[in-house]
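Colleague: Could you take me through one helix pair in this one, slowly, and then show me what lies around it?

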Amino acid sequence: MASTSGFYLPTSPAAPAQVLNTDEAVAEWLASPGFRAFWGWIQRRCERIRGKEIRSGSTEGCTPAIQHLMLILDSLMSWVEEVPTQPQSSQRFGNLAFRSYIKLVEERLPALLQSVDLPPYLANQILPLLIQSSAFGHATRLDYGTGHELAFVLALWCCVASGWVGSGEGGEDEEDELILRVFAHYLNLTTVLQMQYRLEPAGSHGVWGLDDYCFFPYLFGSAQLLGSDLTPPRSLALAQASTPSVVPTLIPLSPSTPLTDMFTLSLYRLTLFKSGAAFSEHSPLLYSLCQMPNWYKPHSGLRKMFLGEVVGKKVVVQGLWIGGWLWGEDVPVDKSSGGENKEGEEKRVQGEGQAATGAPWAAVGRVDGRRGVLESTRSTWSSPTIPRR
């Protein structure tokens with residue numbers, strides 16, 4: 001693939017490893033070709049999904065790659081029915097049955113993913129993101145948060161970096177499908193998992209206070225609504241008006257009146273998870289966003305917040321398994337367990353002197369090369385008076 005942005009990814013990517021163990025490693029990752037390519041791809045998707053709705057229903061007419069990814073998510077959803085919750089009246093969060101569910105995922109997902117022909121290295125790059133990085137929730141801690149969500153989106157990016165998605169005619173439309181259809185369905189799945197197994201928030205609210213479980217639906221949703229007649233205040237009002245007076249046992253994935261953007265739909269689901277307090281009290285930053293007259297400032301602030309408070313925080317990203325397509329040629333050696341990532345080191349040696357793969361995207365983030373840190377991350381709409389929990 002020809003490069004349009006000056007970033008090149010290795011054709012023989014280093015094996016994924018848990019390398020984001022220090023603040024210095026996180027800063028290096030943010031300046032790496034792999035991350036900068038990923039962030040450029042996210043910005044490009046935000047530009048392209050403006051004015052577009054969530055896509056659901058039949059996948060007829062979708063490309064084989066999109067159909068296969070949707071089949072995987074449908075299977076993951078069906079496996080929930082095989083693992084009923086356990087009696088656990090003494091615990092507010094975390095039903096132990098979730099560990100049995102994740103065991104099913106670990107046993108079945110690799111074969112399901114590879115049941116079609118995939119490009120070289122793709123399965124080896126994304127399975128550690130989906131399984132070891134706990135993209136569907138952490139089995140030991142019985143929690144789910146923004147780091148797990150990020151692992152799934154990074155796996156989607158690897159589908160693009162490999163050429164499996166986006167390389168043919170109408171490639172950018174297919175990449176948009178990854179967000180509007182595949183990621184939207186992933187949100188359906190994780191919402192069910194959160195409610196069914198009462199997963200604990202993975203510390204996200206205590207770090208930066210946007211949402212207990214997720215970030216991307218607000219970033220993508222605000223992009224969908226740029227220039228829309230549905231203003232932020234109306235989005236919150238619509239979400240609250242759609243909330244049933246009695247919360248059912250299992251959260252409905254969407255209200256009776258379909259919500260077609262991820263931002264409003266996520267607000268709706270949040271009001272089902274949280275009750276007993278005003279929205280401005282349990283979600284002050286989201287409430288602040290929803291007071292803006294249009295979506296331009298909220299979306300800009302969310303972009304900066306993502307860089308500073310999601311990928312820029314070691315506590316969020318330290319569980320990610322990062323390979324060559326997410327870093328570039330020089331993935332650090334994993335020494336977290338006292339030894340070296342010999343498999344990854346061997347692949348880097350093998351890859352030396354080989355041709356590199358040009359990244360198929362154009363928009364990139366601005367980088368301070370001296371410090372290896374992306375542009376200022378202070379949200380333009382945030383207020384120091386907003387309480388942090």
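Which residues in H5 meet which residues in H6?

Modeller: Before the details, bear in mind that this is a predicted model, where local features need pLDDT of at least 70, side-chain atom pairs count only at pLDDT 80 or more, and totals for chains, interfaces and linings use all residues. Residues are numbered from 1 along each chain as its sequence is written, and side-chain values use heavy atoms, with hydrogens and water left out.

Now your pair. On the H5 side you have Leu122, Gln125, Ile126, Leu129 and Leu130, and they meet Ala151, Phe152, Leu154, Ala155, Cys158 and Cys159 of H6 (contact: heavy atoms within 4.5 Å). Sorted by class, that contact has ten nonpolar residues, one polar and no charged ones (nonpolar: Ala, Val, Leu, Ile, Met, Phe, Trp, Tyr, Cys and Pro; charged: Asp, Glu, Lys and Arg; polar: the others, Gly among them). H5 covers residues 122-132, and its axis comes within 8 Å of the H6 axis, crossing at roughly 170 degrees. The axes are lines fitted to C-alpha atoms over the stretch in contact, with angles from 0 to 180 degrees between N-to-C directions. The two helices are therefore roughly antiparallel (over 145 degrees; under 35 is roughly parallel, 65 to 115 roughly perpendicular, the rest oblique).

H6 has another partner. H2 packs against H6 at an angle of about 95 degrees, with the axes 11 Å apart, and that makes the two roughly perpendicular. Here Gly34, Ala37, Phe38, Trp41 and Ile42 of H2 touch Leu150, Val153, Leu154, Leu156, Trp157 and Val160 of H6. The class count for H2 with H6 is ten nonpolar, one polar and no charged residues. Leu154 of H6 turns up in the contact with H5 and in the contact with H2. H2 itself runs over residues 33-48, and its buried residues include Phe35, Phe38, Trp39, Trp41, Gln43 and Arg45 (buried: under 20% relative accessible area; exposed: over 50%; partly exposed: in between; 1.4 Å probe, protein chains only).

What does H6 feed into? The largest nonpolar core has 117 residues, with Trp29, Phe38, Tyr101 and Phe136 making the most contacts inside it (such a core is a set of buried Ala, Val, Leu, Ile, Met, Phe, Trp, Tyr and Cys joined through side-chain atoms within 4.5 Å). H6, residues 146-161, gives the most to this core, with twelve residues. Leaving aside neighbours within four places in sequence, Phe136 is in contact with Leu130 and Phe152, among others including Leu76, Phe98, Tyr144, Tyr186 and Leu199.

The stretch after H5 deserves a look too. Ser134 sits in the loop between H5 and strand E2 (143-144), with a positive phi near 60 degrees despite not being glycine. At 10% relative accessibility, Ser134 counts as buried. Arg198, in the loop between H7 (171-196) and strand E3 (200-201), has a phi near 50 degrees, positive as well; at 31% relative accessibility, it counts as partly exposed. Most residues other than glycine have a negative phi.

For the wider setting, the chain has 17 helices and six strands (DSSP runs: H or I of at least four residues, E of at least two, numbered from the N terminus). Of its 389 residues, 55% count as buried. Contacts between residues 24 or more positions apart make up 80% of those with a separation of 6 or more.

Notes:
The expected span of a helix is 1.5 Å times one less than its number of residues.
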